[in-house]
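Please look over the sequence and the model shown here. The paragraphs after it go through a few parts of the fold in turn.

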Amino acid sequence: MAYRMTGRKTGTVTFTPTTGTIIQETLTRSSKMTSNAIEGGSSVEDHVYLNPEQFQIEGIVVKNHSSFRSVLESMWRSRDLVTYVGKIRVSDYVITNIQFKNDATNKKGFEFTATLQKANIVSGQYVEMGEVMLMSQQDAAAEEKKPSNTAPSAAASKSKSQTSRTKSSGLKTTASKQVSQSAYAAYVNSYNGKSSSGPTQRKTSSYNGVS
């Protein structure tokens with residue numbers, strides 16, 4: 001069986017019986033629970049958080065050790081997203097730790113242990129701007145496409161005239177007319193002598209607060 005690990009930027013290393021092999025795969029899934037007290041009847045899962053998955057492989061290389069070591073180190077150094085295909089298949093993992101071990105019995109190769117962690121990749125939601133024309137732009141484009149030698153109908157002329165009046169009705173300044181001095185005097189005199197004064201004294205000489 002061939003084991004393969006591929007980085008998006010750094011290339012691929014393939015472990016075959018003639019070059020090396022993977023001797024152990026370990027997939028770890030863990031979670032963390034808060035130490036806060038949980039009220040009776042509440043949801044327990046609200047207090048438990050899932051940790052990113054971790055994946056560990058142990059392998060041995062018996063040939064072309066320099067090229068294998070170079071690619072594995074490059075995957076770790078560049079924080080490359082790695083896809084691993086073996087008995088377990090994972091993707092979008094990042095090497096967080098890698099160890100190399102040299103042994104006298106394997107002069108042309110080495111042993112290694114690599115720890116990978118799942119990268120939680122999400123896609124941001126966005127709305128394309130400028131892709132759809134505004135209604136005013138669509139109307140203007142429709143007007144330009146109309147043939148110039150075609151006389152507008154009565155309904156179209158009325159609609160266009162109404163639209164023009166509507167557009168020109170905004171931001172108008174209202175002009176006030178001047179009132180002549182004689183007209184103002186006549187206006188004031190019309191109210192003279194028509195107001196009545198209130199009583200100058202109470203109907204009763206005293207008020208006891210009851211009647």
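**A walk through the predicted model**

Tyr191 sits in the segment that follows helix 4 (181-189). The coordinates come from a predicted model. Is Tyr191 buried or exposed? The relative accessibility of Tyr191 is 54%, so this residue counts as exposed, the cut-off for that class being over 50%. Tyr191 also belongs to a nonpolar patch on the surface, together with Tyr184, Tyr187 and Val188. The accessible area of these four residues together is about 470 Å².

The next element to find is strand 7, which covers residues 81-85. How many of its five residues are buried? Four of the five are, and strand 7 is thus described as mostly covered. Strand 7 has pairing partners to look at in turn. Strand 1 (residues 3-7) pairs with strand 7 in the antiparallel sense, and four bridges are found between them. At Val85 in strand 7, the residue standing opposite is Arg4.

Strand 8 (residues 89-101) also runs antiparallel to strand 7, and the two are joined by four bridges. Which residue of strand 8 is the bridge partner of Tyr84? The partner is Val90. Strand 7 and strand 8 make up a hairpin, with three residues lying between the two strands.

From strand 8, follow the chain into the loop that leads to strand 9 (110-118), where Asn106 is located. Asn106 counts as buried because its relative accessibility is 13%, and the class takes in values under 20%. What does Asn106 contact, leaving aside its neighbours within four places in sequence? The contacts are with Ile60, Val61 and Val62. For Val61 there is an atomic detail to add: a polar atom of the Asn106 side chain lies 2.9 Å from the backbone oxygen of Val61.

The last stop is another loop, the one between strand 4 (31-33) and strand 5 (48-50), which holds Ile38. With a relative accessibility of 32%, Ile38 counts as partly exposed. Residues up to four places away in sequence not counted, Ile38 touches Met33, Val44 and His47.

To recap the three residues picked out for their accessibility: Tyr191 is exposed, Asn106 is buried, and Ile38 is partly exposed.

Definitions and conventions:
Residues numbered from 1 in each chain as written. Predicted model: local features only at pLDDT ≥ 70, side-chain atom pairs only at ≥ 80, totals over all residues. Heavy atoms only, no water. Patch = residues over 30% accessible without salt bridge, like charges linked within 9 Å, V, L, I, M, F, W, Y side chains within 5 Å. Areas by Shrake-Rupley, 256 points an atom, 1.4 Å probe, with all protein chains shown as cover. Salt bridge = Lys/Arg side-chain N within 4 Å of Asp/Glu carboxyl O. Buried < 20%, exposed > 50% of the residue type's maximum accessible area, 1.4 Å probe, protein only. Pairing = 2+ DSSP bridges. Polar contact = N/O pair within 3.5 Å; in protein donor to acceptor, adjacent residues only side chain to side chain. Contact = heavy atoms within 4.5 Å.
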